[in-house]
Amino acid sequence: MSGNSENIKDKIKDKIMNGERLSFDEGVFLFETKDLLFVGELADHVNRLKNNDKVYFNVNRHINPTNICVNRCKFCAFSRDTEDKDSYEFTMEEMIMKAKEAKAQGATELHIVGGLHPRWSFDFYINMVRKLKEVSGMHIQAFTAVEIDYFSKISEKSLEYVLTALKDAGLGSLPGGGAEIFHPEVRKIICPEKISGERWLEVMEVAHKVGLKSNATMLYGHIEEYWHRVDHMERLRRLQDKTGGFQAFIPLAFHPENTKIEKRRTTTGFDDLKTLAAGRLYLDNFKHIKAFWIMLTEKVAQISLFFGVNDLDGTVVEEKITHAAGAKTKESLTKEELISMIKEAKKIPVERDTIYNELRVY
Ligand code: V47
Ligand code: SF4
């Protein structure tokens, strides 16, 4: 390790211990250093200050209403064209059945994201939210910023109108998908049809303004360089300073199978842990760093609890997006499995609702 690198490490450590904000270059250093445990230890320190030994989890169910999508992002193995023989659309009855099933299994949240359907109207989506809320009473966390922008296009209404109408119908919050990597240099290669990073942030700003909380994701491990990840987090940090509306940051590990991205390798455990820890350190204004075990594996997700992570998502039940791209993980975990995963790491499992009210400490 060079003397220069030791100096940067000392500087970063001092800043973290004094609660000071890391610079862009320091953010890049967190990814470039081989010293995973240095980054992890600092992230663990910050996490303990914010969350002690508590690890949140939620009992949720994912529903992906359709895989038909007009965007066809290059990294997405889930989406289809209408005429593809394995395209699907759930009927309202099918979705209602899934919601009732989830309710009966003790779920508190429906997590709904899907393709940009060429024929479904905005009214259809409003109706979907209203019905699912009515029959289940659960928190509806639905539609990425990409879908919200699409609704605004097809309804020819403003973002504010669309978000307020969905909220009135029963929408509780927005998930963090569709963010990918904000920088246009990467976006134009991996998802040329998708809204820009700026637009994604604009949708979130309006959502926060109308009183909807949201999450933020970052898709990593494809063609991006480390500085693109830091640029991504920098933009999130700035918006969070302005609105305070983000609840959790969720790095999503790219899965390459059946996608049009050349890279054939999945991310390494080393990169997964470092990315989660860097998120904890760089995003000093986020309270929750979430591990989505479906993409990370149960083992990496458990270890990540010592690398800045304080939140495990979730019971999930049915997962199509990552499994279409070759994920070998299960599609669901029981609440008991999540609890023992956390307890075996000598942490305190706390069941939460979507907006982080504590429902039960185990
Ligand atoms: O937006 C698509 C990503 C996202 C692949 O907010 C892929 O709590 C890896 O956003 N490999 C959807 N990722 C999932 C998502 C999410 C998941 C869990 C929790 C939350 C939350 C949000 O999945 C998409 C896209 O970024 N994705 N294809 C792939 N091949
Ligand atoms: Fe469509 Fe989302 Fe897949 Fe892109 S990532 S093709 S927007 S479903």
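Contact is taken here to mean heavy atoms within 4.5 Å. The model described is predicted.

The strands form an open sheet of eleven, in the order β2-β3-β4-β5-β6-β7-β8-β9-β1-β10-β11, and their pairing is mixed. The edges are occupied by β2 (60-63) and β11 (358-361); each has a single partner strand, so one side of each is left without a neighbour in the sheet. From one strand to the next the twist averages 30°. Within this order, strand β4 (residues 139-142) and strand β5 (residues 171-174) run parallel and are joined by two bridges. I140 has L171 as its bridge partner in β5. Strand β5 is in turn linked to strand β6 (residues 213-220), again by two bridges and in parallel. In this pair, L174 is matched with S214 of β6.

Helix α4 (residues 92-104) packs on the sheet, where it touches β2 and β3 (109-112), and its direction makes about 165° with that of β2. The length of α4 agrees with expectation: at 1.5 Å a residue, its 13 residues should span 18 Å, and its end C-alpha atoms are 18 Å apart. Residues M92, M95, I96, K98, A99 and A102 of α4 are buried. Seen down the helix axis, these buried residues fall within an arc of 160°, so they line one face of α4. An α-helix has 3.6 residues a turn, so residues three or four places apart point the same way. The buried residues of α4 pack against β2, β3 and α5 (122-136). On the other side of the helix, E93, M97 and A104 are exposed. Just after α4, G106 adopts a positive phi of about 90°. Before the helix, T91 belongs to the loop between β2 and α4. With a relative accessible area of 38%, T91 is partly exposed. The C-alpha atoms of T91 and P65 are 8.1 Å apart in space, although the two residues are 26 residues apart in sequence.

The largest nonpolar core comprises 115 residues, and F143, I148, L166, W200, L236 and L312 have the most contacts inside it. In soluble globular proteins, nonpolar side chains tend to be buried together. One of these core residues, F143, is located in the loop between β4 and α6 (145-155). F143 has a relative accessible area of 1% and is therefore buried, the cut-off being under 20%. Its phi is near 70°, a positive value in a residue other than glycine. Another of the core residues, L312, touches V55, Y56, F57, N58, A291, A301, L305, L338, M341 and I342, leaving aside residues up to four places away in sequence.

Further backbone features occur in loops. The peptide bond from D313 to G314 is cis, with omega near 0°. G314 is part of the loop between β9 (311-313) and α14 (321-324). T297, which is not a glycine, has a positive phi of about 80°. This residue is placed in the loop between α12 (293-296) and α13 (298-303). T297 is partly exposed, at a relative accessible area of 34%.

Two charged residues in helices differ in their accessibility. E26 is situated in helix α2 (residues 24-32). Its relative accessibility is 8%, and E26 therefore counts as buried. Apart from residues up to four places away in sequence, E26 is in contact with K11, I12, K15 and R21. K209 lies in helix α9 (residues 197-209). In contrast to E26, which is buried, K209 is exposed, with a relative accessible area of 62%. The C-alpha atoms of K209 and N18 are separated by 32 Å, and the two residues are 191 residues apart along the chain.

Terms used:
Residues are numbered from 1 along each chain as its sequence is written. Chains are lettered from A and ligands numbered from 1 in the order in which they are written. Side-chain values use heavy atoms; hydrogens and water are left out. Helices (H or I, at least four residues) and strands (E, at least two) are DSSP runs, numbered from the N terminus. Buried means under 20% relative accessible area, exposed over 50%, partly exposed in between (1.4 Å probe, protein chains only). Two strands pair if DSSP finds at least two bridges between them. Axes are lines fitted to C-alpha atoms, for helices over the stretch in contact, and angles run from 0 to 180 degrees between N-to-C directions. The expected span of a helix is 1.5 Å times one less than its number of residues. The arc is that of the directions from the helix axis to the C-beta atoms. A nonpolar core is a set of buried Ala, Val, Leu, Ile, Met, Phe, Trp, Tyr and Cys residues joined through side-chain atoms within 4.5 Å.
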